[in-house]
Amino acid sequence: MKDREILRCLGKNIQAARLRAGLTQECLAELVGIHWKTLSGIERGLYPCAVTNFIRIAQHLRVSTDSLVEGIEPPDARRTASIQKAMARKRRPKAV
């Protein structure tokens, strides 16, 4: 999954949770401590979200952080295993 797709999915989840909570972008942004235009950009998948703001958003929406990342595909398991295997070989001390 590409970064832009991740941001769009995250933004849609935040927007849906905000609407369920009955909050405007202006209200949630004020609670989180960011500008409403920043929140708008996050919801549209245009801006990444700082971890601290992500946690504050979840707290003020009274949802779990897990619920906000639903729908984001996990990393490719084969690629991950291949990279971990290659990196493990590089860390082994060389014989003297």
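Colleague: Is asparagine 13 buried or exposed?

Modeller: Asparagine 13 is buried, as its relative accessible area is 19%; buried means under 20%, exposed over 50% and partly exposed in between, with a 1.4 Å probe and protein chains only. This is a predicted model, in which local features need pLDDT of at least 70, side-chain atom pairs count only at pLDDT 80 or more, and totals for chains, interfaces and linings use all residues. Residues are numbered from 1 along each chain as its sequence is written, and side-chain values use heavy atoms, with hydrogens and water left out.

Colleague: Which residues is asparagine 13 in contact with, leaving aside neighbours within four places in sequence?

Modeller: Asparagine 13 is in contact with Ser67, Leu68, Val69 and Glu70, contact being heavy atoms within 4.5 Å.

Colleague: Turning to the core, how many residues has the largest nonpolar one?

Modeller: It has 16 residues; such a core is a set of buried Ala, Val, Leu, Ile, Met, Phe, Trp, Tyr and Cys residues joined through side-chain atoms within 4.5 Å. Ile14, Leu28 and Leu39 are among those with the most contacts inside it.

Colleague: Which helix gives the most to this core?

Modeller: Helix 4 does, with four residues; helices are DSSP runs (H or I, at least four residues), numbered from the N terminus.

Colleague: What does leucine 39 touch, not counting residues up to four places away in sequence?

Modeller: Leucine 39 touches Ile14, Arg18, Gln25, Leu28, Ala29, Ile34 and Ile57.

Colleague: Where do helix 2 and helix 4 meet?

Modeller: Leu28, Leu31 and Val32 of helix 2 meet Asn53, Arg56, Ile57, His60 and Leu61 of helix 4.

Note on methods
Helices (H or I, at least four residues) and strands (E, at least two) are DSSP runs, numbered from the N terminus.
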